[in-house]
Amino acid sequence: MFEPERKRMLNAAQGNSETDGYRTFYLPTDVKRAKIALLFFIIPVIGYVFNDYNFFGFSTVFFGLVALRLSLIIILVLSAFFMDRIKNYHTYDRVMFLTIIIMAVGGGIVNVMRPTDFVVQALVTIIAVFVIFLLVPFRFLYQCILSFSTSLSEALIILFITRPTESAVLFTILFGILISNIIAAAGAYQLHGYRINTYREFVKRKEAQEKLEQHTKNLEELVEERTRKLRTAERFAAIGETAGMVGHDLRNPLTGISNATYYLKKKYSQELDKTGRDMLEVIENNVEYSNKIINDLLDYAGNINLDLQDTTPKALVSESLDMITLPKNIEVHDLTENTPNLALDMVKMKRVFVNILKNAIDAMPEGGQLIIKSQAEGETVKVSFIDTGAGISVEELKKLFQPLYTTKAKGMGFGLAICQRIVEAHGGKIVVESTVGQGAVFKVELPIKATKNQNK
């Protein structure tokens, strides 16, 4: 696992170029290696103090060189200390570039003041070339500029102070400086390529891990949702089973109440006053309403057996409209077509359409328009009911087809649930689209070629 600081910096570079990403990714490691390299340069700087003493003794030149080397050591220590505060690779590149330039210039001044020996300094320059290219990774262009400039400066100083008798050593040193730059540059180029490829592999693994985590999260949410739906389905199944038994048990007392009311009306109608006759009518209406609830319970709890007949969207809508009483303040536009021919259970599908029509009318108490149209699409036909009513909220849409859910003062909330079961028994589906204040659209999608004797 990667340390928290590296992960934080990597996340900050997300969305930028690949170079930004990989340089940011390696920045903590590069800072550590740069500090090691800077401290490494202190060793030869201190070591040359002894050579300066051998060359110049305790002289003004010696103390001048010591002061210069001490300044270089302070710069190296300060640069290494400042590395811990670096937060982006641009600053890192600039600090390293500037520090090495100061070291190169200071080293050049020291070399000019030490004309009697160049071999050791040339060897240090060759080592420095490898350090710049391989131990201190930053921009490859900066590495080339610094290394080639330092090597060229050292070569010019050597040529300036050398004696003809040292020509063989001179050639070897200059050739060694050239070869060290070529070898170190090739190695650095490969190192940068390896780092980029490693970063790409890390990004791929990171993306794959994030996708896997997201997929796992989605899977957990899906399992939780399916479990919740299964529990809800089991609860509704239990409600349906109970409702069926309760419905059968309630029918007998309701039949008795209905028969008793009928007897009272026939036998004592003339003897009752208006209030008595109104009470009997209330009893009859409530018996009828209770019987409707029982029928809904039994319809929801039982299997749906289809008796298919040939019809058309136009005929189905027309017969459904004939079964309801339309308020005068509602305009109905029947735009359905006589094609295609459909095989449907006419009784059950008219129940669906009547239920949808009544809901649309209830949604427009102040009046409005109701547009009904049909459209064949491939192997299905869609019958749309478009009203200009109050609309349905998002929360209500989620619960619209759940049994026992209703927004009306009267009703058990089985109407749309039964309609959905009937449509699904035909192999179709109901889709509702609505915006609060802009009406609602009920789309009943039915297959053109239905399979007979579907039970659901």
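Reader: How many salt bridges does the structure hold?

Author: This is a predicted model: local features need pLDDT of at least 70, side-chain atom pairs count only at pLDDT 80 or more, and totals for chains, interfaces and linings use all residues. Residues are numbered from 1 along each chain as its sequence is written, and side-chain values use heavy atoms, leaving out hydrogens and water. A salt bridge puts a side-chain nitrogen of Lys or Arg within 4 Å of a carboxyl oxygen of Asp or Glu. The number of salt bridges held by the structure is eight.

Reader: Which residue forms a salt bridge with R195?

Author: Side chains of opposite charge can pair when their charged atoms come close. For R195, the closest N and O atoms of the bridge are 2.9 Å apart. The partner is D30.

Reader: How many residues apart are R195 and D30?

Author: Helices here are DSSP runs of H or I with at least four residues, strands are E runs of at least two, and both are numbered from the N terminus. R195 sits in helix α7 (residues 167-268), and D30 sits in helix α2. The pair links distant parts of the chain, with a separation in residues of 165.

Reader: Are R195 and D30 buried or exposed?

Author: Buried means under 20% relative accessible area, exposed means over 50%, and partly exposed lies in between (1.4 Å probe, protein chains only). R195 falls in one class, and D30 does too: buried.

Reader: By about how many helical turns are K274 and D278 separated?

Author: Their side chains meet in a salt bridge at 3.0 Å, N to O. K274 is exposed because its relative accessible area is 57%, while D278, at 30%, is partly exposed. Both are in helix α8, four residues apart, so the separation in helical turns is about one.

Reader: In which strand is D334, the residue linked to K314?

Author: K314 and D334 form a salt bridge, with the closest N and O atoms 3.8 Å apart. The two are 20 residues apart, and K314 belongs to helix α9 (residues 313-322), while D334 belongs to strand β2.

Reader: Why does D334 count as partly exposed?

Author: Its bridge partner K314 is partly exposed, with a relative accessible area of 25%. D334 is classed as partly exposed because its relative accessibility is 23%.

Reader: How far apart in space are R277 and K265, C-alpha to C-alpha?

Author: R277 lies in helix α8 (residues 274-301). Contact means heavy atoms within 4.5 Å; leaving out residues up to four places away in sequence, R277 touches S269 and L272. K265 is twelve residues from R277 in sequence, and the C-alpha distance is 7.7 Å.

Reader: Which residues is D93 in contact with, leaving aside neighbours within four places in sequence?

Author: D93 belongs to helix α4 (residues 89-112). At 3% relative accessibility, D93 is buried. Its contacts outside those neighbours are R23, F138, R139 and Y142.

Reader: How far apart are the end C-alpha atoms of helix α5?

Author: Helix α5 runs over residues 119-135. Its buried residues include A122, V129 and F133. The expected span of a helix is 1.5 Å times one less than its number of residues. With 17 residues, α5 should therefore span 24 Å, and the end C-alpha distance agrees, at 23 Å.

Reader: Which residues do ring pairs link into a cluster?

Author: Rings of Phe, Tyr and Trp (its six-membered ring) pair if their centres lie within 6.5 Å. Planes under 30 degrees apart count as stacked, over 60 as edge-to-face, the rest as tilted. The structure holds nine aromatic pairs. The clustered residues are F133, F140, F148 and Y189.

Reader: Which residue does a cis peptide bond join to T339?

Author: Omega is about -5° at this bond. The partner is placed in the loop between β2 (330-335) and β3 (342-344). That residue is P340.

Reader: What percentage of the residues of the protein count as buried?

Author: The protein has twelve helices and seven strands. Of the contacts with a separation of 6 or more, 74% come from residues 24 or more positions apart. Of the 456 residues, the buried share is 37%.
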